[in-house]
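Trainee: Could you take me closely through one part of this model, the surroundings of the ligand? I would like to know which residues and elements build them, and how those elements pack.

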Amino acid sequence: MRRVLLHVCCGVCAWASIERLREEGFEVEALFFNPNIHPFSEYKKRLEACREVTGALKVVLLEGEYLLDDWIKECRQYSKEPEGGRRCQICFYIRLKETLRICRERNCHYFTTTLTISPHKKSKDIFSIGRGLGEKRFLEIDFKKKEGFKKSLSKAKELGLYRQNYCGCVYSKKAVSCKP
Ligand code: SF4
């Protein structure tokens with residue numbers, strides 16, 4: 001069976017993405033690698049939700065390192081960019097690059113990410129970064145299609161999964177808390 005390493009950003013997005021991949025005939029392993037998330041208490045909440053989802057769906061979950069300092073070094077120069085700008089491109093790149101590294105290490109056939117399920121993220125940006133990194137191994141799946149986002153929300157509600165109200169980094173958190 002074709003094995004895919006799925007980068008997961010949170011439990012809410014993981015459920016519908018794993019189900020979609022399974023429907024399409026893939027065997028799934030998951031990787032939680034999200035050094036962008038701030039603060040650490042938030043990181044732990046999202047990781048815990050991913051553990052819950054992968055445990056229920058019987059999917060192997062690999063847990064990456066929390067390399068926040070490295071992430072900040074790369075992204076802080078773009079702290080003022082709006083969501084979807086240059087900072088986010090680098091953030092996607094950092095997470096996908098590590099996913100490809102682990103994909104190779106584990107001899108998975110493909111890698112992809114739950115990030116495309118978010119209506120706030122342009123799948124074409126994520127595809128172009130994934131393709132640039134590993135053309136043959138990157139699976140271009142737009143998880144928001146086939147009602148993916150809607151399904152993920154209803155599953156999260158049903159299971160009482162933790163659901164965040166900001167994208168993840170300190171800059172996105174500030175942007176939310178500054179809204180009137
Ligand atoms: S807004 Fe989201 S995608 Fe953009 S840099 Fe922050 S955590 Fe990454």
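Mentor: Start with a helix pair, keeping in mind that this is a predicted model. Helix α3 (residues 68-75) packs against α4 at an angle of about 145°. Their axes lie 10 Å apart. The crossing of α3 and α4 is right-handed. From α3, the contact takes in Trp71, Glu74 and Cys75. Facing them in α4 are Arg87, Ile90, Cys91 and Ile94. Sorted by class, this contact holds five nonpolar residues, two charged ones and no polar ones.

Now turn to the ligand. Its shell includes Cys75, Arg87 and Cys91. Those names should sound familiar: Cys75 belongs to the α3 side of the helix contact, and Arg87 and Cys91 to the α4 side. The rest of the shell is Asn36, Glu83, Cys88, Cys167, Gly168, Cys169, Tyr171 and Ser172. Two elements give two or more residues each, α4 (86-105) and α7 (170-177). The largest share, three residues, comes from α4. By class, the shell divides into six nonpolar, three polar and two charged residues. Cysteines recur in the list, among them Cys88, Cys167 and Cys169.

For comparison, look at another helix pair. Helix α1 (residues 11-23) and helix α6 (residues 148-159) have axes that come within 8 Å. They cross at roughly 120°. That makes α1 oblique to α6. This crossing, too, is right-handed. By class, the contact has six nonpolar, two polar and three charged residues. The α1 side consists of Val12, Cys13, Trp15, Ala16 and Arg20. They meet Gly148, Lys151, Ser152, Leu153, Lys155 and Ala156 in α6.

Last, place these parts in the whole. The protein chain has seven helices and four strands. Read from the N terminus, the elements run β-α-β-α-β-α-α-β-α-α-α. The radius of gyration is 15 Å, close to the 16 Å that the globule rule gives for 180 residues, so the chain is as compact as a globular protein of that length. Along the principal axes, its C-alpha atoms fill a box of roughly 45 × 35 × 30 Å.

Keep one link in view as you go back to the model. Helix α4 gives the ligand shell its largest share, and Arg87 and Cys91 of α4 also meet α3.

Note on methods. Residues numbered from 1 in each chain as written. Predicted model: local features only at pLDDT ≥ 70, side-chain atom pairs only at ≥ 80, totals over all residues. Near = placed C-beta within 6 Å. Nonpolar A, V, L, I, M, F, W, Y, C, P; charged D, E, K, R; others polar. Axes fitted to C-alpha atoms, helices over the stretch in contact; angles between N-to-C directions. Parallel < 35°, antiparallel > 145°, perpendicular 65-115°, else oblique. Left-handed = near helix turned anticlockwise from the far one by under 90°. Contact = placed C-beta atoms within 7 Å. Rg over C-alpha atoms; globule rule 2.2 N^0.38 Å.
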